[in-house]
Amino acid sequence: MRPGAEMVRLGRQELDVWLDEPDDFVRAVLRDIYDCDAEVSSWLSTPRPELGGHSANDLMTAGRMAEVESVLVHHWNTR
């Protein structure tokens, strides 16, 4: 979290109201975790053990958004 920022916990339904595209949720969470777009892009394109050795981009392209969201929400909540 950025210095001086206040933690706000939102549920998926609240976020869906703000977000239109299927990957907007993933990108919004990543932008909350990382400070720059390069780090967001790296997270999306790097194969990860927790995603079965696939990158988030690969899984999202294959329609497996829920798997990416689950891993990302866990990562966000444990930081």
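Q: Why are H2 and H5 called roughly parallel to each other?
A: In this predicted model, the axes of helix H2 (residues 24–33) and helix H5 (residues 65–77) come within 10 Å and cross at roughly 20°. Angles under 35 degrees count as roughly parallel, and H2 and H5 are therefore described in that way.

Q: What is the handedness of the crossing in which H2 passes H5?
A: The crossing of H2 with H5 is left-handed.

Q: How do you know that H2 and H5 meet, and which residues are involved?
A: Contact means heavy atoms within 4.5 Å, and on the H2 side Phe25, Val26, Val29, Leu30, Asp32 and Ile33 meet residues of H5, namely Met65, Val68, Glu69, Leu72, Val73, His75 and Trp76.

Q: What makes up the contact of H2 with H5 in terms of nonpolar, polar and charged residues?
A: The residues of this contact divide into ten nonpolar, one polar and two charged. Asp and Glu count as charged, and the contact includes Asp32 in H2 and Glu69 in H5.

Q: What makes up the secondary structure of the protein chain?
A: The chain has five helices and zero strands, and, read along the sequence, it follows the pattern α-α-α-α-α.

Q: How many of the residues in the protein chain, as a percentage, are buried?
A: Buried means under 20% relative accessible area, and buried residues make up 29% of the 79 residues in the chain.

Q: What supplies the area that the protein chain exposes?
A: The chain exposes about 5300 Å², and carbon and sulfur atoms supply 51% of it.

Key:
Residues are numbered from 1 along each chain as its sequence is written. This is a predicted model: local features need pLDDT of at least 70, side-chain atom pairs count only at pLDDT 80 or more; totals for chains, interfaces and linings use all residues. Side-chain values use heavy atoms; hydrogens and water are left out. Axes are lines fitted to C-alpha atoms, for helices over the stretch in contact, and angles run from 0 to 180 degrees between N-to-C directions. Helices (H or I, at least four residues) and strands (E, at least two) are DSSP runs, numbered from the N terminus. Angles under 35 degrees count as roughly parallel, over 145 as roughly antiparallel, 65 to 115 as roughly perpendicular and the rest as oblique. A crossing is left-handed if the near helix is turned anticlockwise from the far one by less than a right angle, and right-handed if clockwise. Buried means under 20% relative accessible area, exposed over 50%, partly exposed in between (1.4 Å probe, protein chains only). Accessible areas come from the Shrake-Rupley method with a 1.4 Å probe; for residues, only the protein chains shown count as cover.
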